[in-house]
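Subject: Handover of a structure

Dear colleague,

Please find the sequence and structure below. A summary of what was found follows, for a reader who has not seen this structure before.

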Amino acid sequence: MASIGSLPFTIEAKAAERCVFFHAKSQPRPGFFRPRRSLNFAALRGFGTSRNVEDESGRVLSSGQRRLRATLGGSVEGGDGDDVPSEDGLQATIEKSKKVLAMQRELLNQITARRKLVSSIRNSTTVSAEDESSVGEKDKAFSSPEVDSTSDVSDRNGSVPSLEEQSKNIFSSDRRASNASSEAPGSEPATINWIHDIDEAVHEGKFEFPSHGTPSPGRYEPPTEDATSSDSVKTDILPPFVSSIPEISIPKDEKEEEYSKEATTQLGADNGDSDTMVEDGKPPPLAGANVMNVILVAAECAPWIKTGGLGDVAGSLPKALARRGHRVMVVVPRYGNYTEPQETGIRKSYRVDGQDIEVTYFQAYIDGVDFVFIDAHVFRHLENNIYGGNQLDILKRMVLFCKAAVEVPWHVPCGGVCYGDGNLVFIANDWHTALLPVYLKAHYRDNSLMKFTRSVLVIHNIAHQGRGPVDDFFRVDLPEHYMDHFKLYDPVGGEHFNIFAAGLKAADRIVTVSHGYAWELKTSEGGWGLHNIINENDWKLRGIVNGIDTREWSPEFDIHLTSDGYTNYTLETLQTGKPKCKAALQKELELPLREDVPVIGFIGRLDNQKGVDLIAEAIPWMMGQDVQLIMLGTGRADLEQMLRQFETQHRDKVRGWVGFSVKMAHRITAGVDILLMPSRFEPCGLNQLYAMNYGTVPVVHAVGGLRDTVQQFNPFNESGLGWTFDSAETQKLIHALGNCLLTYREYKKSWEGLQRRGMMQDLSWDHAAQIYEEVLVAAKYQW
Ligand SMILES: Nc1ncnc2c1ncn2[C@@H]1O[C@H](COP(=O)(O)OP(=O)(O)O[C@H]2O[C@H](CO)[C@@H](O)[C@H](O)[C@H]2O)[C@@H](O)[C@H]1O
């Protein structure tokens, strides 16, 4: 594969990026459903039902409406035709008025709480120009003044969930699509006129209680309330690709209730915001009316299996989405005997390249997230080499994984209840799971199955695409007319089969892991042959900078810093804690114990992407400095050998740890002063984020996510977070690192400022999860 050199990141390029983005945003989206503002009818439900009473136009009114009308001067309930009310009658009316006022008050409280929540979310969000444009668009989409009753107020039975119920729905037994949208974020909540609005709407016939009728063409059809919305499809017309459709939804049982309780407690504990508590002590979900079922599918997931940043993201983004109130699952292959997941006893069989392969499912519920592991003989014994084997073996594993993953919401009950395919969005990651959006479309949606399920494909690294000979198409079990989606020609690979290409076309939305990388992907240097497809699909692409797991990667709680002389530390104890970790690291690696020497670290895959060759070229200069260098990595054999050689040649200054050690990665991040990341390209990069959270100063090539997250230090106004260099050249690396070393030695106050600013950032997933949610909502309403 061609290596890409440094990219032309000029101001003009940045401006071009914005133009492209805005242009794309303003394009109309065919069939894009825009939910309208609607009112919360929750209060009307609490009155119970008795007999049918009709209004002037003959419409049947609920008893709640009847009482309201009676209270407001109507003549439906209680009056029974008496023109002159008796004393008792008056008393009863007063009592009723009091009740209604109490209910009104309660509703207003709920509205205030919701308003507070929405504005607190907004205030806590630093919206970039791109984000602002899309938030604006979302606001518009959610703020039509019309009352639209059929689309987003009620479920299919015509019942209207209250705020409280909406929050319960996420964990409730039928887990139906919570498409009720009384006040979507961004819309003005209904105000004091709500009774009048409802009454008038009902009276004037603007509002109709939803029926089970067929939705009008072109409108959004709310998901069914069954756990599996495709149940209604008869199995005798099942397409050959589909394993089987479950016929019954699994009933609520005790286990599920426990699960609900646990989940709700979790939600409350994590939010910890008493302002948002509703009366019964449960907070409404941060996602509000947008709560949905989300299934993230990835080839790796920390802490069970991780070879790089994808594992970190799969292990932490779902928890942040769950904290927002979504029901979230992660599906990952079971490569080893993990302790937490329990066997579910469910077995299914999928055809892969002409052979039936049986899979079983293991499941665990941790930190508010369902983790489902797919077990099959092809995944076993790969724990130390999950991407191992020949190209065909890998392809078959991914075909099996994607086929099984799509049907997990049908077959695997979590907490007793399957997710179902209504109100569901899959998040696929990188080429390994890029077949999932294609299968979702070709096997299911093209056959009227999983009608309400959508997919988002996340690009963590476009350099790996699942390329193969064109004939590989016949191994992935798709209708022939899908072949063109996979066929790609480029000067490097010639005409070939490309899984990422097809996934990008089939997904409802595409995300990549930084704004910088979103721009680079559209260039011929950064798109690795897929730039044309990415440009064509720019309208559905969004850059979202990764967050970090602030518990796992926190100097305060890091479990790898509790022994061997290391220590946990915080912003307050930085000046004592970090030197202690530095000394412990020097001791562990048998380097000279010196507090004053700057220690430089590198952690990462040893390949062309990470710019290890630039470090190699800079070694002679570095060894002329009074520094220590610690490198941790695995990958290309020649680069591994190079690391060993550095250590042998410079025993007093260099350690080259060849291997994959999570513990050492944590300890190096805490113990070194400077983290070097000369990546030739870097979609986001997590190590620089971890480094900053530990008061370690990054020196990076300003590319992709590194450019987004590390602002150059400015000594004149003491701002910035580290050092950046603008092209992947050894001399530029040396220049940046030289300035960094000078500051470390001569300007202690500036150094401390850099460390503190790094540590004070909010690098958590919470902000990113909120933006992911916007993408999921957009996907959900993509028709
Ligand atoms: N030898 C070793 N021992 C222990 N731990 C090691 C290690 N080598 C690497 N790691 C760990 O693996 C992770 C690597 O994450 P990165 O984001 O830097 O890179 P990666 O290129 O794998 O991910 C891709 O996906 C992520 C997630 O989106 C993007 O940030 C990134 O730019 C993109 O290339 C870190 O947690 C790091 O500590």
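Two strands are taken to pair if DSSP finds at least two bridges between them. With that in mind, Gly633 stands opposite Val658 in strand E17. Please note also that this is a predicted model.

Strand E16 and its neighbours

E17 covers residues 654-658 and runs parallel to strand E16, to which five bridges join it. Between the two strands the chain passes through helix H19 (residues 637-649), and this β-α-β crossover is right-handed.

E16 also pairs with strand E15 (residues 599-603), again in the parallel sense and over five bridges. Within this pairing, Ile630 of E16 is the bridge partner of Gly601. E15 and E16, together with helix H18 (residues 612-623), form a right-handed β-α-β unit.

How far is E16 enclosed by the rest of the structure? The strand spans residues 628-633, and six of its six residues are buried, so E16 is largely enclosed by the rest of the structure. The residues point in two directions: Gln628, Ile630 and Leu632 face one way, whereas Leu629, Met631 and Gly633 face the other, and all are buried.

A position in helix H17

Ala583 lies in helix H17, which comprises residues 574-588. Is Ala583 buried, partly exposed or exposed? Buried would require a relative accessible area under 20% and exposed one over 50%; Ala583 has a relative accessibility of 32% and therefore counts as partly exposed. Met759 is 176 residues away from Ala583 along the chain, and the C-alpha atoms of these two residues are separated by 20 Å.

The annotated domain

An unreviewed UniProt entry carries the annotation "domain: Starch synthase catalytic" for residues 293-535. Over residues 293-535, helix accounts for 28% of the chain and strand for 29%. The C-alpha atoms at the two ends of this stretch are 29 Å apart.

Confidence

The average pLDDT of the chain is 76, and 65% of the residues score at least 70. Residues 1-85 have a pLDDT under 50 throughout, and the model gives them 166 contacts beyond four places in sequence. The pLDDT is also below 50 over residues 247-279, a stretch with 56 contacts in the model beyond near neighbours in sequence. Where pLDDT is low, the predicted coordinates should not be read in detail. The model scores are ipTM 0.99 and pTM 0.71.

With kind regards

Terms used: Residues are numbered from 1 along each chain as its sequence is written. This is a predicted model: local features need pLDDT of at least 70, side-chain atom pairs count only at pLDDT 80 or more; totals for chains, interfaces and linings use all residues. Side-chain values use heavy atoms; hydrogens and water are left out. pLDDT is the predictor's confidence in each residue, from 0 to 100. Contact means heavy atoms within 4.5 Å. UniProt positions are given in the numbering used here, feature names are shortened, and annotations may be inferred rather than shown by experiment. Helices (H or I, at least four residues) and strands (E, at least two) are DSSP runs, numbered from the N terminus. Buried means under 20% relative accessible area, exposed over 50%, partly exposed in between (1.4 Å probe, protein chains only). A crossover is right-handed if, with the strands pointing away from the viewer, the path from the first strand over the helix to the second runs clockwise.
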